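Hi everyone, thanks for coming. Today I'd like to walk you through one protein, a stop at a time. Please have a look at the screen while I talk.

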Amino acid sequence: MNARTKLGLIVLFALATTIALNELNLSYLAPNYPYKQGLITTADEYSYFSPAEQMLKTGEWNVNSTGEKAYIRTPGYGIIYFVALALGGSHAFFVLKCIQLLLFAGSIVLFFRLLRFFADEKLSLIATTVYAFLPCFSGFTYYTLSESVLPFFVLGWLYTLIIRTEKNQWLMLVFSTAALVMIRPQLIVFPLVLLLYYTIKRDKLVFALLVGLLPFVSWQVRTMSILGEWPELHPIYSTTNNSLYRPPHREMTDLFRIWEYRGEMFHGNMGVISSDTTIDARNKVLQTIPVEYRKSIEPLLHDFQQLRYLQQSNYAGKSIHGFLPGEKELVQKIQKVREYLKAQHPFDYYLKTPCLSAKRLIGTSMMNLFVFQATWSNAWVVLLLKIVCFVLIVCGLCAAIVVLFWGENHILKVCALALLISLFYLVFFQRMNEERYLYPYLPVLLLFFVAVVERWKRRVKQFQQ
């Protein structure tokens, strides 16, 4: 049996296993759990799907709402949904599920083909089997999140960098770069680091990367013209939003980042003081904040409560243009307190909180399905799988460092640098991460691990000879 046949069988059995596991996971969810046509819905899907639906109805990538301007988010995943909507109509979510399953299958093929550039066939097949069947690599396939498709586009982008013999490599790199960044802007660090590398090497692929980045740059210019300011990589804030996501919330986020690394804790606190103006609500939030910060934070919580009450009572259902009364003053007050607290607690800001963020982000098995978290959480097989997945992720992170200093493939070395920079951004600057933010990096971490194992094997053989 040749390698192609073996790979085909791996893909088929992996698809069958993934479908069976995810359908079983759906059957264990509560009857009223939010999922549509076999896809688990998420809070982010409005900003992905609403513009696509409006595009099909009106021909404009927009939303018919006075709330968050979802159409300013990069439209990569939304375009995939638009295709599903155009093809499936009322069955769009089922079509989207099929697309996501096909992209997972495609990622298995890409993973194997990437491995064959630096590993032998046997090791490549073993590693591909691990990637195809371990749940940590396919846990978001049934979710309405960009993570459901990112492994395919991350591996596709990396593949176009390595295939130097393909005649259409230039075009493939343009497309893969554009798709990668338009789906997840935070991953722009990968093409930027490669852009610097190719510029130093005077490689002609620098032009492909530049052209591939043009759609993202154009989108940023478009968004800037709408907002009147640079939209950042995650453009959810605007003075025109009639929702929680206005400038004071952005400043509160940066303030809480001094000591807080748990995103759900912060968002829960914002929900409490947004829905209640009483002192009890403030005290409830203060109890989750370290004692040494409470005196400085309490007045800000009071002002935030009052502002949210003003917004929800006087501006309910109305369009907002610019700052609300007292909003700009609150923003300035939060900024001042933040700078003061950063200076007073440098250890927390520069070391403790980033370390806790890194521990939380990396200390996961990525076994996110409900059956693993609840239904079968105490089964020894599940516990063993969680340990295996966690160890593999940690080994992959260690391998990324090894590849950076000991690797043979220059593209992998540069990608290892980009990955480490990207993770540093998540834990030091973004801090309040969800575990799923690590998910797009997992296939690359496994690639690094295999690359280290392969080189170690060759060194052992040389020593034995």
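Before the first stop, one definition: helices here are DSSP runs of H or I with at least four residues, numbered from the N terminus. Please also keep in mind that this is a predicted model.

Let's start with helix α19, which covers residues 442-464. Find E454 and K457 there. How far apart are E454 and K457 in helix α19? They are three residues apart, which means they are separated by about one helical turn. Their side chains meet in a salt bridge, with 3.8 Å from N to O. If salt bridges are new to you, here is the general idea: side chains of opposite charge can pair when their charged atoms come close.

Now, is E454 buried or exposed? With a relative accessibility of 7%, E454 counts as buried, because the cut-off for buried is under 20%. K457 has a relative accessible area of 23%, so it is partly exposed.

This pair has company. E454 and K457 belong to a network of salt bridges that also links D120 and R458. Where does D120 sit? You'll find D120 in the loop between α4 (92-115) and α5 (121-133). At 26% relative accessible area, D120 is partly exposed. And if you'd like a sense of distance, try D120 and L385: along the chain they are 265 residues apart, and 26 Å separates their C-alpha atoms.

How many salt bridges does a search of the whole structure find? The search finds 14. Let me show you two others.

One joins the side chains of R257 and D254, at 2.5 Å from N to O. Here R257 is buried, with 18% relative accessible area, whereas D254 is partly exposed at 23%.

The other joins R338 and E339, whose side chains meet at 3.3 Å, again N to O. R338 counts as buried at 16% relative accessibility, and E339, at 44%, is partly exposed.

Next, let's leave the charges and look for empty space. Rolling a probe the size of a water molecule over the atoms shows where empty space is left. I've picked the second largest pocket, which holds about 190 Å³ of space.

Which helices each supply at least two residues of its lining? They are α3 (76-88) and α7 (169-183). The biggest contribution comes from α7, with five residues. On your screen, look for lining residues including G76, I79, F153, F175 and M182. What kinds of residues are these? Sorted by class, the lining has nine nonpolar residues, one polar and no charged ones.

My last stop is on the surface. W170, L171, F207, L210, V211 and L214 form a nonpolar patch there, with about 580 Å² of accessible area together. Two helices give two or more residues to this patch: α7, which we just met at the pocket, and α9 (205-227). The largest share, four residues, comes from α9.

Let's zoom in on one member of the patch, V211, in helix α9. V211 has a relative accessible area of 32%, so it is partly exposed. That fits the rule for patches, because their residues need over 30% relative accessible area.

That's my tour. Thanks for listening, and I'm happy to go back to any stop.

Key:
Residues numbered from 1 in each chain as written. Predicted model: local features only at pLDDT ≥ 70, side-chain atom pairs only at ≥ 80, totals over all residues. Heavy atoms only, no water. 1 Å grid on protein atoms, 1.4 Å probe; cavity = no way out; pocket = protein on both sides within 12 Å on 5 of 7 lines; lining within 4 Å. Points joined across faces, edges and corners; volume = space filled by probe spheres on them. Nonpolar A, V, L, I, M, F, W, Y, C, P; charged D, E, K, R; others polar. Salt bridge = Lys/Arg side-chain N within 4 Å of Asp/Glu carboxyl O. Buried < 20%, exposed > 50% of the residue type's maximum accessible area, 1.4 Å probe, protein only. Patch = residues over 30% accessible without salt bridge, like charges linked within 9 Å, V, L, I, M, F, W, Y side chains within 5 Å. Areas by Shrake-Rupley, 256 points an atom, 1.4 Å probe, with all protein chains shown as cover.
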